[in-house]
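Q: I'd like a close look at one part of this protein: a pair of packed helices and what surrounds them. Please start with the contact itself and then work outwards.

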Amino acid sequence: MSTVLSVEQLSGGYSPRKSIIQNINLHIESGEMIGLIGVNGAGKSTTIKHILGLMTPHKGTIMINGTTLQDDVEKYRSGYTYVPETPVLFEELTVEEHLRLTAMAYSVPQKQYEQQVEQLLQRYHMEKKRKAVTAHLSKGMKQKVMIMSALLAKPSLFIIDEPFLGLDPLGIRSLLQELEEVKKNGSSILMSSHILATIEHYCDRFLMLDGGQVVAQGTLKQMLDQANQGGGQARNLEEAFYELLNGGEA
């Protein structure tokens, strides 16, 4: 396996005088799915924004496929695709036009584009909405457009922030099936989510933040072992989360 994302000693924030996140270390290998977990304000979004290149680190290094943003902006940004918590779309464009725009941006071959678009529209039950402008879609449907665009691009790294919000049960199942395929094809996934009961079955490892710092990381077994070091009885990721956060006091 090769390292797709490498984050070394990352510290940063919105003000140069104060770091919201401190000394974050994260490595994702090809074909891995990592769950980024923590309460609101723990530093998850700030970490993601630094990886996306939207914020400048106070210190530390971020590399995607061995390249930093400073080394090669185009290569760095073409190495990932991002699905935000709140869909960001061009409201005057149709669903199909968004997908075609994504294909152009990521240089997806025409034949591959045609095959994938039909599969994605069918899997996400969006065939009847392909000509609809996104301004007229529900939040859940807008989220599906974001997800389909990301899957169409097929980068080496998927960065997904709270992907299940707004999705119906069929949409959630389709997404999880797609992410399994993404892993099999060698791409990596960094997914931030509060739905711990779901992601514990799909993520290979977890990184838990609290107060801008890493408080636990590892496989599910390793997370449970860390949570139970003080005599806790955590049996799943959600229980481990509470133990690690506040000693089991909900």
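**A helix contact and its surroundings**

A: From helix H3, the residues Val95, Glu96, Leu99, Arg100 and Ala103 meet Gln110, Tyr113, Val117 and Leu121 of helix H4. Sorted by class, the residues of this contact are 6 nonpolar, 1 polar and 2 charged. Please keep in mind as you look that this is a predicted model.

Now for the geometry of that pair. H3 covers residues 95-105 and H4 covers residues 110-123, and the two pack at an angle of about 140° with their axes 11 Å apart. Angles over 145 degrees would count as roughly antiparallel. H3 and H4 are therefore oblique to each other. Their crossing is right-handed.

H3 has another helix to deal with. It packs with helix H5 (residues 139-153) at an angle of about 30°, and here the axes are 9 Å apart. That angle makes H3 roughly parallel to H5. The crossing of H3 past H5 is right-handed. On the H3 side, Val95, His98, Leu99, Thr102 and Ala103 take part, and they meet Val145, Met148, Ser149, Leu152 and Ala153 of H5. By class, this contact holds 7 nonpolar and 3 polar residues, with no charged ones. If you are following along on screen, Val95, Leu99 and Ala103 are worth highlighting: they meet residues of H4, and they also meet residues of H5.

H5 then leads us to a sheet. This helix lies across strands S5 and S6, running at about 170° to S5. The sheet is an open one of 6 strands, in the order S5-S6-S7-S3-S8-S9, and its pairing is mixed. At its edges stand strand S5 (80-83) and strand S9 (213-218); each has a single partner strand, so one side of each is left without a neighbour in the sheet. From one strand to the next, the twist averages 15°.

Let's walk across this sheet from the S5 edge. S5 and S6 run parallel and are joined by 4 bridges. Within that pairing, Val83 stands opposite Ile160 in S6. Helix H9 (residues 237-246) also packs on the sheet, where it touches S3, strand S8 (205-210) and S9, and its direction makes about 35° with that of S8.

The next step takes us from S6 to S7. Strand S6 (residues 157-161) is joined to S7 by 5 bridges, and the two run parallel. Here Phe158 stands opposite Ile189 in S7. On its other pairing, S7 runs parallel to strand S3 (residues 33-37), with 4 bridges between them. Leu190 in S7 is the bridge partner of Ile34.

What about the burial of S7 itself? In this strand (residues 188-192), 5 of the 5 residues are buried, so S7 is largely enclosed by the rest of the structure. Both of its faces are covered: Ser188, Leu190 and Ser192 are buried on one side, and Ile189 and Met191 are buried on the other. Two of the residues we have just met belong to this picture: Ile189, opposite Phe158, and Leu190, partner of Ile34.

To round off the surroundings, there is another sheet to look at. It is an open sheet of 3 strands, ordered S2-S1-S4 and paired in the antiparallel sense. Strand S2 (21-29) and strand S4 (59-64) stand at the edges with a single partner strand each, so one side of each is left without a neighbour in the sheet. The twist here averages 10° from one strand to the next. Strand S1 (residues 3-12) pairs with S4 over 5 bridges, in the antiparallel sense. In this pairing Leu5 stands opposite Ile64 in S4. Helix H1 (residues 44-52) packs on this sheet and touches S1, S2 and S4, with its direction at about 120° to that of S1.

Ile64 gives us a link to one last residue. Lys75 lies 11 residues from Ile64 in sequence, and the two are 8.8 Å apart in space, C-alpha to C-alpha. Lys75 sits in helix H2 (residues 73-78). Setting aside neighbours within four places in sequence, Lys75 is in contact with Asn65 and Thr67. Its relative accessible area is 45%, and Lys75 is partly exposed, whereas the residues of S7 are buried.

Definitions and conventions. Residues numbered from 1 in each chain as written. Predicted model: local features only at pLDDT ≥ 70, side-chain atom pairs only at ≥ 80, totals over all residues. Heavy atoms only, no water. Axes fitted to C-alpha atoms, helices over the stretch in contact; angles between N-to-C directions. Parallel < 35°, antiparallel > 145°, perpendicular 65-115°, else oblique. Left-handed = near helix turned anticlockwise from the far one by under 90°. Contact = heavy atoms within 4.5 Å. Nonpolar A, V, L, I, M, F, W, Y, C, P; charged D, E, K, R; others polar. Pairing = 2+ DSSP bridges. Buried < 20%, exposed > 50% of the residue type's maximum accessible area, 1.4 Å probe, protein only.
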